[in-house]
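Me: I have a model open and would like to learn how to read its surface, its rings and its charges. Could you take me through them one at a time?

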Amino acid sequence: MMRELADNVLDIAQNSVAAGASLLKLTITVDEAADLITLIFSDNGCGMTPEFAQKVTDPFTTTRKTRKVGLGLPFLKMTAQTTGGDFSLESQVGVGTTVKASFGLKNIDRPPMGDLAGTLQTLVILNTHMDFLITYRGPKDEFVFDTRQIKPMVEPLELNHPDIAAWISDYIKEGMNECGTVE
């Protein structure tokens, strides 16, 4: 089991990178009224066949050549269900994949959020070849971070330039904090 939800975000987002996605849409919603945290990952990567999508949450199903076990999606599903949440996966070859996981917000088995802002900054600066549309809906407000809007503003610099990377980190942290965060 992942120690923090931010670890899950990094792991599942890396699946989108490996799938050759040019765009990852990540929506994180903290809904206190429904007692849920929901993560939705939607990419335009290579997608999966229906047969593979049905068995991808089996820990012994993986596309990796270096090991015979893939634990990211199985752990995400198990954690979601253990906390009273839910898990779903939809995929289409040549179109992309959507993974949705919800977690009981106040459930004792829910891992802490962790350094979500730091994780998101890491994803962005290590994968400048792709775009990210990150929406964080907190208890107070909504924050949207879209690299398609930011890249033209910082040209000719890349998002992984130290000054830009530091700004991204501060911007994401500030935006999420204004929306209200959870541990």
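Me: Let me start with a single side chain. Is M153 buried or exposed?

Reply: Happy to help! Keep in mind that this is a predicted model. Residues over 50% relative accessible area are called exposed. M153 has a relative accessibility of 62%, so M153 counts as exposed. You will find M153 in helix α5, residues 147-154.

Me: Which residues make a nonpolar surface patch with M153?

Reply: The partners are W167 and Y171, and the patch made with M153 covers about 330 Å². W167 is partly exposed because its relative accessibility is 37%. Y171, at 33% relative accessible area, is also partly exposed.

Me: Now the rings. How many aromatic pairs does the structure hold, and how should I read one?

Reply: A pair of aromatic rings is described by the distance of the centres and the angle of the planes. This structure holds 3 aromatic pairs. One of them joins F145 and Y171: the centres are 6.1 Å apart and the planes make an angle of 50°, a tilted arrangement.

Me: What does the pair of F145 and Y171 tie together?

Reply: F145 is in strand β6, while Y171 is in helix α6 (residues 162-179), so the pair ties together parts that are 26 residues apart in sequence. Accessibility is worth checking here too. F145 counts as buried because its relative accessibility is 1%, whereas Y171 is partly exposed at 33%.

Me: And how are the rings of W167 and Y171 arranged?

Reply: W167 and Y171 are stacked, with 4.8 Å from centre to centre and 15° between the planes. Both residues lie in helix α6, 4 residues apart, which is about one turn of the helix. If you zoom out a little, F143, F145, W167 and Y171 form one aromatic cluster.

Me: Let us turn to charges. How many salt bridges are there, and where should I look?

Reply: To read a salt bridge, look for a side-chain nitrogen of Lys or Arg within 4 Å of a carboxyl oxygen of Asp or Glu. The structure holds 4 salt bridges. Among them is the one between K151 and D131, with 3.0 Å from N to O. K151 belongs to helix α5 and D131 to strand β5, so this pair ties together parts that are 20 residues apart in sequence.

Me: For that bridge, is D131 buried or exposed?

Reply: D131 counts as buried because its relative accessibility is 18%. K151, with a relative accessible area of 21%, is partly exposed.

Me: Which residue forms a salt bridge with R148?

Reply: That is D146, and the closest N and O atoms are 2.9 Å apart. D146 is buried, with 9% relative accessible area, while R148 is partly exposed at 40%. Another bridge joins R137 and E142, with the closest N and O atoms 2.6 Å apart. Here R137 is partly exposed at 35% relative accessibility, and E142 is partly exposed at 40%.

Me: One last feature: which residues gather in the patch of negative charge on the surface?

Reply: Look for D141, D170, E174 and E178, which gather there. To find D141, go to the loop between β5 (131-137) and β6 (142-146).

Definitions and conventions:
Residues numbered from 1 in each chain as written. Predicted model: local features only at pLDDT ≥ 70, side-chain atom pairs only at ≥ 80, totals over all residues. Heavy atoms only, no water. Patch = residues over 30% accessible without salt bridge, like charges linked within 9 Å, V, L, I, M, F, W, Y side chains within 5 Å. Areas by Shrake-Rupley, 256 points an atom, 1.4 Å probe, with all protein chains shown as cover. Lys, Arg positive; Asp, Glu negative; His and termini not counted. Charge placed at Lys NZ, Arg CZ, Asp CG, Glu CD. Helix = DSSP H or I, 4+ residues; strand = E, 2+ residues; numbered from the N terminus. Phe/Tyr/Trp six-rings, centres within 6.5 Å; stacked < 30°, edge-to-face > 60°. Buried < 20%, exposed > 50% of the residue type's maximum accessible area, 1.4 Å probe, protein only.
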